Each structure stands twice: as C-alpha cells, then as structure tokens.
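I opened this notebook to keep track of what I looked up, entry by entry. I begin with a single residue and work outward from there.

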Amino acid sequence: MKITVGMVARPSTSWANKTGSWRVGTRPRFLQDKCNACDLCALSCPEGCVFGEARNDYHADLDFCKGCGNCAEVCPVNDIEMVPEEKSLPQDWIVFTDEQEFKSMSTA
Ligand code: SF4
Ligand code: SF4
C-alpha cells in the first residue's frame, strides 16, 4: 500500500501491510524462561503481532513487529529483551552489542 497525504486505509487491511519493514534498530527477543503467560505483551502490542497460549510459548511475528518495545516494557518478569537487529541497518553500519566491544573498537 502506498501511503500518500490524506490517504484513508480501508478497515481490516493491516494484515496486508507488513509493518515489520518499518522496524529499525531493535527487535524483541522472547527469552521463554520465566514467562507466566499473563498475556500483557500481546495486549500491549500495537500491531497485535504477539502470540502465545502457555508459559514460555510467546513470540512475535517479525513481519509485523515495528520494534516499539512495548512488550518488553510491560513484561512483569523481564522475559523479553530488545536486541539489536543488524540486518535492518545499512550494510556499512557497525552494531556494538555491548559497551566493552565498543570501547575496544574505539581505542584500536
Ligand atoms: S516491539 Fe512493539 S510491535 Fe514488536 S512485538 Fe513488541 S509490542 Fe509488538
Ligand atoms: S508479558 Fe512476559 S510473562 Fe506475560 S505473557 Fe508476555 S512474555 Fe510471558
């Protein structure tokens, strides 16, 4: 769907738009370790793209996840973390996964 000024989207068309392409920088990683199936991550996701039915079963459909971080923010047991997504960045970007790695590169 091409988005133009004044565009109106027909209802129930959001599944046709793979909003995952809007994601830049980070994506959620469901650790599936301490999940108690409270469903808060699914309820807080603006894309409705978090699914799960039991403890340690939750995951996000990355075709639609925009990387907003809501799910990680609301998880009461910190079982979701936002992680760098290297493939969503330009090829010549360098992604540091921790401070130590950044320091070693910047002093080299
Ligand atoms: S990061 Fe945002 S869009 Fe992606 S699954 Fe979590 S709440 Fe949904
Ligand atoms: S918010 Fe956390 S504990 Fe609750 S269902 Fe999602 S991953 Fe599991």
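Entry on Thr19. I listed the contacts of Thr19, leaving aside residues up to four places away in sequence, and found Glu47, Asp63, Phe64, Cys65 and Lys66. I note at the outset that this is a predicted model, and that every value below is computed from it. Thr19 belongs to the segment before strand E1, which covers residues 26-30. I then asked whether Thr19 is buried or exposed. Its relative accessible area is 6%, and because the limit for buried is under 20%, Thr19 counts as buried. Two of its contacts, Cys65 and Lys66, also turn up in my list of residues around ligand 1.

Entry on ligand 1. The residues I found around ligand 1 are Cys45, Pro46, Cys49, Val50, Ala60, Cys65, Lys66, Gly67, Cys68, Gly69, Asn70 and Cys71. Sorted by character, this shell gives eight nonpolar residues, three polar ones and one that is charged. When I checked where the ligand lies, I found that ligand 1 sits in the second largest cavity.

Entry on ligand 2. Which cavity holds ligand 2? I found ligand 2 in the largest cavity. Around ligand 2 I listed Cys35, Asn36, Ala37, Cys38, Asp39, Cys41, Tyr58, Cys75, Pro76, Val77 and Ile80. The shell of ligand 2 divides into nine nonpolar residues, one polar and one charged.

Entry on Tyr58. Since Tyr58 is one of the residues around ligand 2, I followed it further. Tyr58 is placed in the loop between strand E2 (50-51) and strand E3 (59-60). With a relative accessible area of 4%, Tyr58 is buried. Leaving out residues up to four places away in sequence, I found that Tyr58 touches Phe30, Gln32, Cys35, Ala37, Asp39, Cys41, Ala42, Val50, Phe51, Gly52 and Glu53. Among these contacts, Cys35, Ala37, Asp39 and Cys41 are also listed around ligand 2. I also looked up the separation of Tyr58 and Leu31, which are 27 residues apart in sequence, while their C-alpha atoms are 9.0 Å apart in space.

Entry on backbone angles. Most residues other than glycine have a negative phi, so I looked for exceptions. One of those I noted is Gln32, which is not a glycine and yet has a positive phi of about 50 degrees. Gln32 is found in the loop between E1 and helix H1 (40-44), and it is partly exposed, at a relative accessible area of 37%. Gln32 is also among the residues that Tyr58 touches. I noted Asn78 as well, again not a glycine, with a positive phi of about 50 degrees. Asn78 lies in the loop between helix H2 (70-74) and strand E4 (80-84). Is Asn78 buried or exposed? At 55% relative accessibility, Asn78 counts as exposed.

Entry on the whole protein. How many helices and strands does the protein have? I counted three helices and four strands, which follow the pattern β-α-β-β-α-β-α along the sequence. Of the 108 residues in the protein, 25% are buried; Thr19 and Tyr58 belong to that group. Among contacts with a separation of 6 or more, 62% are between residues 24 or more positions apart. The accessible surface comes to about 7,800 Å², and 52% of it belongs to carbon and sulfur atoms.

Key
Residues are numbered from 1 along each chain as its sequence is written. Chains are lettered from A and ligands numbered from 1 in the order in which they are written. This is a predicted model: local features need pLDDT of at least 70, side-chain atom pairs count only at pLDDT 80 or more; totals for chains, interfaces and linings use all residues. Side-chain values use heavy atoms; hydrogens and water are left out. A residue is near a molecule or strand if one of its heavy atoms lies within 4 Å of it. On a 1 Å grid over the protein atoms alone, a cavity is a set of points where a 1.4 Å probe fits but cannot get out, and a pocket is an open set with protein on both sides within 12 Å along at least five of seven lines; lining residues have an atom within 4 Å of a point. A molecule sits in a cavity or pocket if more than half of its atoms lie within 2 Å of its grid points. Ala, Val, Leu, Ile, Met, Phe, Trp, Tyr, Cys and Pro count as nonpolar, Asp, Glu, Lys and Arg as charged, and the others, Gly among them, as polar. Helices (H or I, at least four residues) and strands (E, at least two) are DSSP runs, numbered from the N terminus. Buried means under 20% relative accessible area, exposed over 50%, partly exposed in between (1.4 Å probe, protein chains only). Contact means heavy atoms within 4.5 Å. Accessible areas come from the Shrake-Rupley method with a 1.4 Å probe; for residues, only the protein chains shown count as cover.
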